[in-house]
Amino acid sequence: MALSKISTSYSPSQTLKSKPGVPFHGYDAKRTGVSFEPHRRLRISCSVAPNEVQAPVAPAVPSDKASNRECYGVFCTTYDLRADEKTKSWKSLIKIAVSGAAGMISNHLLFKLASGEVFGPDQPIALQLLGSERSLQALEGVAMELEDSLYPLLREVGIGINPYEVFRDCEWALLIGAKPRGPGMERAGLLDINGQIFAEQGKALNAVASRNVKVIVVGNPCNTNALICLKNAPDIPAKNFHALTRLDENRAKCQLAMKAGVFYDKVSNMTIWGNHSTTQVPDFLNAKINGIPVKEVIKDTKWLETEFTERVQKRGGVLIQKWGRSSAASTAVSVVDAIRSLVTPTPEGDWFSSGVYTNGNPYGIAEDIVFSMPCRSKGDGDYELATDVIIDDFLRERIKKSEAELLAEKRCVAHLTGEGNAYCDLPEDTMLPGEQ
Ligand SMILES: NC(=O)C1=CN([C@@H]2O[C@H](COP(=O)(O)OP(=O)(O)OC[C@H]3O[C@@H](n4cnc5c(N)ncnc54)[C@H](OP(=O)(O)O)[C@@H]3O)[C@@H](O)[C@H]2O)C=CC1
Ligand SMILES: O=C([O-])CC(=O)C(=O)O
């Protein structure tokens with residue numbers, strides 16, 4: 001199945017072309033009849049130095065192109081925006097790939113990305129959306145809704161079902177698509193089915209994505225899926241892979257704020273340690289309220305150790321009971337938070353949680369797993385682990401339990417990480433947040 005590209009823009013640095021051995025079916029002259037002769041090429045001023053900006057030269061592509069099924073009305077029309085004042089200060093286009101793009105989380109996330117609230121009001125983006133045979137129609141519907149939203153910063157939309165096409169040159173890969181656990185399914189079964197998706201997508205990223213792509217794995221079980229993905233992408237730094245635990249951080253902040261009777265923006269330094277599962281450890285030892293350690297504000301240690309901890313660990317399950325499906329809007333918000341934490345400098349003294357590769361960690365956590373830990377960023381897309389944390393016996397014991405779970409998950413997917421035969425001895429009491 002081809003990747004159909006819906007484009008309102010073209011920049012010289014983003015020429016559509018095939019790499020040897022990997023067919024690219026883009027929005028090209030052959031498929032659409034759009035001419036890419038130099039004088040008809042579309043340029044957006046974000047990729048052209050201001051002093052090179054000239055008067056518009058290219059008329060809109062004839063409206064009959066809009067009848068092409070794979071580009072949707074307005075996205076089939078092309079413009080020369082070089083003379084547009086608004087776009088002169090824009091940055092170069094970035095490509096964002098999203099899997100599970102027709103799913104619930106994406107339905108919220110894509111519109112946030114396109115609005116500019118994630119990467120900023122001067123950052124044009126291209127969305128490359130990955131679906132499957134079963135979701136392709138729905139993906140077209142998603143593209144139509146994006147079209148009807150008239151987002152100025154959304155310059156290109158592509159849809160497809162082949163990760164080797166959809167991930168091409170992407171600088172961000174938001175991996176959301178994964179099978180949810182169904183009745184009677186064992187956790188090990190989910191690990192295997194979803195693990196295969198992430199093994200394939202890791203290989204695809206390795207083959208075609210930007211060499212510095214940042215990958216955020218949302219699909220569950222996200223820590224081990226992220227591990228599988230990074231193991232299958234040896235040419236991309238392992239540090240670039242994240243498992244989403246920001247939703248857990250946000251949930252924890254909300255609970256602490258409620259207990260302390262403060263607005264939730266007063267809670268900082270909130271670490272989620274470990275797995276995005278019911279063994280996760282919301283760290284009330286290092287968290288602060290109004291800059292003061294939580295334990296000095298909330299004196300009820302029993303509540304912190306039991307009710308608070310369990311409420312965060314099982315929040316996903318309670319929500320499923322109420323909603324009949326897992327968190328989608330708040331998950332999308334937390335993906336936005338996770339990205340923004342990497343592209344904006346972390347406020348002085350604070351940190352954020354992300355599931356990241358453990359090699360070289362200063363906390364004594366087992367190497368070679370993906371574990372949620374406290375991170376700080378300079379806003380360059382990269383991060384460092386926070387070292388100014390304290391770990392007491394209670395915290396250490398909880399962290400060890402989550403570590404044991406992740407090591408067991410890792411053994412269970414050894415066939416997908418290139419480490420031999422899988423052996424599944426998952427502790428029976430471990431569950432995703434959405435499982436009761
Ligand atoms: N880390 C976190 O904090 C959270 C993670 N999640 C996880 O995010 C993932 C997506 O959630 P959500 O968007 O609500 O789910 P949806 O069911 O709405 O969408 C999931 C998408 O996954 C894709 N998918 C890939 N393989 C399969 C498969 N074998 N069977 C079924 N679907 C498949 C489907 O898209 P297609 O057919 O296009 O491939 C589907 O649209 C889930 O794994 C969920 O558990 C949810 C909340 C929080
Ligand atoms: O458990 C699930 O299926 C959804 C999830 O990850 C959460 O809500 O945290």
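The legends below accompany close-up views of a predicted model.

**Figure 1. The protein chain as a whole, before we zoom in.** Let's start with the full chain, which has 436 residues, 48% of them buried. Its secondary structure comes to 13 helices and 15 strands. Take the contacts with a sequence separation of 6 or more: 73% of these are accounted for by residues 24 or more positions apart.

**Figure 2. The surroundings of ligand 1.** Here you can look into the shell of 27 residues around ligand 1. Gly103, Met104, Ser135, Gly177 and Lys179 are the closest. Two helices to pick out in this view are H2 (104-115) and H5 (187-208), as each supplies at least two residues of the shell. Sorted by class, the shell holds 13 nonpolar residues, 12 polar ones and two charged ones.

**Figure 3. The surroundings of ligand 2.** Now we turn to the second ligand and the residues around it. Pro180, Asn220 and Leu247 belong to the shell of ligand 2, together with Gly316, Ser326 and Ser327, and with Leu432, Pro433 and Gly434. Five residues of this shell are polar and four are nonpolar, while charged residues are absent.

**Figure 4. Helix H2 packed with helix H11.** Helix H2, which also supplies residues to the shell around ligand 1, packs with helix H11 (residues 329-343) at an angle of about 40 degrees. The two axes are 8 Å apart. Because angles from 35 up to 65 degrees fall outside both the roughly parallel and the roughly perpendicular range, H2 counts as oblique to H11. The crossing of the two helices is right-handed. On the H2 side, the contact is made by Ile105, His108, Leu109 and Lys112. H11 brings Ala329, Thr331, Ala332, Val335 and Val336 to the contact. Of the residues in this contact, six are nonpolar, two are polar and one is charged.

**Figure 5. Val413, a residue in a loop between two helices.** To find Val413, follow the chain to the loop between helix H12 (393-412) and helix H13 (414-417). Is Val413 buried or exposed here? Val413 has 25 other C-beta atoms within 10 Å, and a residue counts as buried at 20 or more, so Val413 is buried. Leaving aside residues up to four places away in sequence, Val413 touches Leu191, Gly195, Thr224, Ile228 and Ala422. For a sense of scale, try Val389 too: Val389 and Val413 are 24 residues apart in sequence, and their C-alpha atoms are 31 Å apart in space.

Notes:
Residues numbered from 1 in each chain as written. Chains lettered and ligands numbered in written order. Predicted model: local features only at pLDDT ≥ 70, side-chain atom pairs only at ≥ 80, totals over all residues. Near = placed C-beta within 6 Å. Helix = DSSP H or I, 4+ residues; strand = E, 2+ residues; numbered from the N terminus. Nonpolar A, V, L, I, M, F, W, Y, C, P; charged D, E, K, R; others polar. Buried ≥ 20, exposed ≤ 12 C-beta atoms within 10 Å, placed from the backbone. Contact = placed C-beta atoms within 7 Å. Axes fitted to C-alpha atoms, helices over the stretch in contact; angles between N-to-C directions. Parallel < 35°, antiparallel > 145°, perpendicular 65-115°, else oblique. Left-handed = near helix turned anticlockwise from the far one by under 90°.
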